[in-house]
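Trainee: I have the file open. Can we work through some rings, a helix and a loop residue?
Mentor: Yes. Ask away, and look at the picture as we go.

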Amino acid sequence: MFCTESVTSTLVFTNINGCILLLEVLFLRWLLDGRVSRQWWAGLAIGLTLVLKPVLGPLLLLPLLNRQWRALVPAIALPIVINLAALPLVSDPKDFFTRTVPYILGTRDYFNSSIEGNGVYFGLPTWLIVFLRILFTLLAIGSVWLLYRYYRTRDPLFWFTTSSGVLLLWSWLVLSLSQGYYSMMLFPFLMTVVRPNSLIRNWPAWLGIYGFMTLDNWLLFNWMRYGRALQYLKITYGWSLLLIVVFTVLYFRYLDAKAENRLDGGIDPAWLPTEQERAR
């Protein structure tokens with residue numbers, strides 16, 4: 001992990017992504033705990049990240065879908081309260097609304113690995129950019145639905161960690177601004193590879209992970225047309241491929257389970273041991 005682009009860039013630019021990752025892990029851990037009091041702590045953890053940067057905002061869907069409503073209260077209230085308290089202390093609070101918010105919501109064509117950012121940089125037609133954003137939104141919806149339907153109650157750890165990866169990948173691809181070193185927030189999802197029913201135990205998944213985690217330089221000056229595309233698109237390609245892999249594996253697991261008439265028992269491959277067998 002420390003050899004990846006996301007960690008290296010975070011250290012080079014003295015960014016706070018490490019703190020965001022810590023709070024993300026605490027958020028997931030406390031949601032998994034199951035106790036009511038831990039839901040409040042989970043909300044506080046992700047609320048603090050939203051005060052700093054909104055990169056984990058899509059993860060608020062997890063407690064919503066899991067009916068852990070208490071986590072949403074501090075997660076939403078904390079950023080609002082802190083920002084309202086800070087406005088009188090800022091020398092020019094109007095700048096937040098006139099400069100910062102438009103910058104966050106806008107699309108820049110540099111250091112932006114989103115579909116729209118790269119589309120603007122490479123001059124793609126608008127219809128193609130819109131089509132790709134809709135396509136990956138549909139892939140994310142399909143993946144989250146299958147995870148919710150067949151893993152939320154059977155395997156909560158797998159449900160939380162894998163769904164968090166899907167939501168983050170979707171947001172970075174489809175929303176207007178995302179940077180490569182956000183990939184650090186995928187570490188909880190990538191660690192699911194140690195689980196028997198992992199969705200990323202295949203080479204296409206790790207080809208995608210290589211794309212957004214590598215520090216390799218692909219600027220081939222003798223073939224600049226291809227080298228420039230590989231250099232600037234490798235993170236976007238990696239995120240895209242990993243989301244495609246997750247949906248594909250889930251979908252074919254679903255088709256296999258349906259064909260074998262065992263959907264009531266989940267969609268894990270039949271040769272995998274059940275949770276009870278693994279616990280024994």
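Trainee: Where do phenylalanine 247 and tyrosine 251 lie?
Mentor: This is a predicted model, so keep that in mind. The two residues are four residues apart, about one turn of the helix. Both lie in helix H12 (residues 224-259).

Trainee: Is phenylalanine 247 buried, partly exposed or exposed?
Mentor: Buried needs under 20% relative accessible area, and exposed needs over 50%. Phenylalanine 247 has 21% relative accessibility, so the residue counts as partly exposed.

Trainee: And tyrosine 251, buried, partly exposed or exposed?
Mentor: Use the cut-offs of 20% and 50% again. The relative accessible area of tyrosine 251 is 35%, so this residue is partly exposed.

Trainee: How many aromatic pairs are there?
Mentor: Ring centres must lie within 6.5 Å to pair. By this rule the count comes to 13.

Trainee: What is the geometry of the pair formed by tyrosine 148 and tryptophan 159?
Mentor: The centre-to-centre distance is 5.9 Å. Planes over 60 degrees apart count as edge-to-face. Here the angle between the planes is 70°, and the pair is edge-to-face.

Trainee: Which helices does that pair link?
Mentor: Tyrosine 148 and tryptophan 159 are eleven residues apart, and the pair links distant parts of the chain. Tyrosine 148 is in helix H8 (residues 126-151), and tryptophan 159 is in helix H9 (residues 156-174).

Trainee: Is tryptophan 159 buried or exposed?
Mentor: Its partner tyrosine 148 counts as partly exposed, at 24% relative accessibility. Tryptophan 159 has 0% relative accessibility, so this residue counts as buried.

Trainee: Back to phenylalanine 247 and tyrosine 251: is their pair stacked or edge-to-face?
Mentor: The ring centres are 5.8 Å apart. Stacked needs planes under 30 degrees apart. Their planes are at 10°, so the pair is stacked.

Trainee: What span should the 15 residues of helix H5 have, at 1.5 Å a residue?
Mentor: Multiply 1.5 Å by one less than the number of residues. The end C-alpha atoms of H5 (residues 72-86) are 22 Å apart, which agrees with the expected 21 Å.

Trainee: Which helices do the buried residues of H5 pack against?
Mentor: Those buried residues are Leu72, Pro74, Ala75 and Pro79. They pack against helix H3 (36-52) and helix H4 (61-65).

Trainee: Is serine 113 buried or exposed?
Mentor: The place of serine 113 is in the loop between helix H6 (94-105) and helix H7 (115-122). Its contacts beyond four places in sequence include Ser178, Ile235 and Trp239. The relative accessible area of serine 113 is 7%, so the residue is buried.

Note on methods
Residues are numbered from 1 along each chain as its sequence is written. This is a predicted model: local features need pLDDT of at least 70, side-chain atom pairs count only at pLDDT 80 or more; totals for chains, interfaces and linings use all residues. Side-chain values use heavy atoms; hydrogens and water are left out. Buried means under 20% relative accessible area, exposed over 50%, partly exposed in between (1.4 Å probe, protein chains only). Contact means heavy atoms within 4.5 Å. Rings of Phe, Tyr and Trp (its six-membered ring) pair if their centres lie within 6.5 Å; planes under 30 degrees apart count as stacked, over 60 as edge-to-face and the rest as tilted.
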